[in-house]
Structure formats: structure tokens, C-alpha cells
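Here's a quick briefing to read alongside the model. Keep the viewer open and follow along.

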Amino acid sequence: MTDYQGNFIQKMKFYRKQAGLTQAQLAELCDVSNGTIGNIECGKTKPSFDLIIDIALAMHIQPADLFKAESLPYFREEGLTNSQFEIVRERLDTALHEAVSKTLSDIKFKIDHT
């Protein structure tokens, strides 16, 4: 398994769980078998381009989110467990999302009032 495939699998599992989906639920949303999602998540098979898009849409993320390079290497080096690392990532993702939303609201307000 390549680093890229491992990164994809890790992100797919993370976003699936963040969306509150089981493998079976994700499979149903993507119109594939339960085994297909399981095989992708354990690295036995690689998804097609179309399936990557379906997976991302089902989890309400952009397909590129599944391929982004690790953005928090510092926390990995600090020896956090995977679950601790995912909590840090989730909180940072939430903070970033809130900051972007506020910035977009501020911009829209300025545009509407000029």
C-alpha cells in the first residue's frame, strides 16, 4: 500500500465516521455493495474516480479532501494516539470552518451594505 493510498483510507474512514455513517450506509448511498466500501477501507481494492466522487458527496465533503496531505504533522510527532489526534483534527477543522463562515458572512454583509 502506498502512502497516498494509506492517507486516502485514513481520511475516508475519518470523514465517514464524522458524517455518522457506517460502511453499510455509505455503500447504500453510493449504490455499491457493503463489501466494496470495506475492501476500500482495508486497502484491498482502489475506488474508481466516479466512486470517489460519490463517496465524497455522500459524506458532504469535496473529493479533494480525501487526498489532502497531512496538515497536522506536529501533533503526530507529539505521540498522540489516533483517537487523540482525530479529536485535535476535528476541533481544528471546526474552528477553521467557523472562521471561514464568519469571514464569508462579513464579506456578504459588506457587499450588501455598500
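What percentage of the 114 residues of the protein count as buried? The figure is 27%, where buried means under 20% relative accessible area, exposed means over 50%, and partly exposed is in between (1.4 Å probe, protein chains only). Keep in mind that this is a predicted model: local features need pLDDT of at least 70, side-chain atom pairs count only at pLDDT 80 or more, and totals for chains, interfaces and linings use all residues. Residues are numbered from 1 along each chain as its sequence is written, and side-chain values use heavy atoms, with hydrogens and water left out.

**The overall picture**

- The protein has six helices and zero strands; helices (H or I, at least four residues) and strands (E, at least two) are DSSP runs, numbered from the N terminus.
- Contacts (heavy atoms within 4.5 Å) often link distant stretches of sequence: of those with a separation of 6 or more, 56% are between residues 24 or more positions apart.
- The accessible surface, from the Shrake-Rupley method with a 1.4 Å probe (for residues, only the protein chains shown count as cover), comes to about 7900 Å², and 58% of that belongs to carbon and sulfur atoms.

**Helix α2, a helix with two sides**

- Helix α2 covers residues 23–30, and its buried residues are Leu 26, Ala 27 and Cys 30.
- Seen down the axis of α2, these buried residues fall within an arc of 100 degrees, so they line one face of the helix; the arc is that of the directions from the helix axis to the C-beta atoms.
- Flip to the face turned away from the buried side, and you'll find the exposed residues Glu 28 and Leu 29.
- Right after α2 comes Asp 31, whose phi is positive, near 60 degrees.

**Aromatic pairs**

- Rings of Phe, Tyr and Trp (its six-membered ring) pair if their centres lie within 6.5 Å; planes under 30 degrees apart count as stacked, over 60 as edge-to-face and the rest as tilted.
- That rule gives two aromatic pairs.
- Phe 8 and Phe 67 make a tilted pair, 5.2 Å centre to centre with 40 degrees between the planes.
- Phe 8 lies in helix α1 (residues 3–18) and Phe 67 in the loop between α4 and α5, so the pair ties together parts that are 59 residues apart in sequence.
- Phe 14 and Tyr 15 have ring centres 5.2 Å apart and planes at 70 degrees, so this pair is edge-to-face.
- Phe 8 is buried at 5% relative accessibility, while Phe 67 is partly exposed at 45%.

**Asp 65, a buried loop residue**

- Asp 65 sits in the loop between α4 (49–58) and α5 (73–77), and is buried with a relative accessible area of 14%.
- Leaving out residues up to four places away in sequence, Asp 65 touches Lys 11 and Tyr 15.
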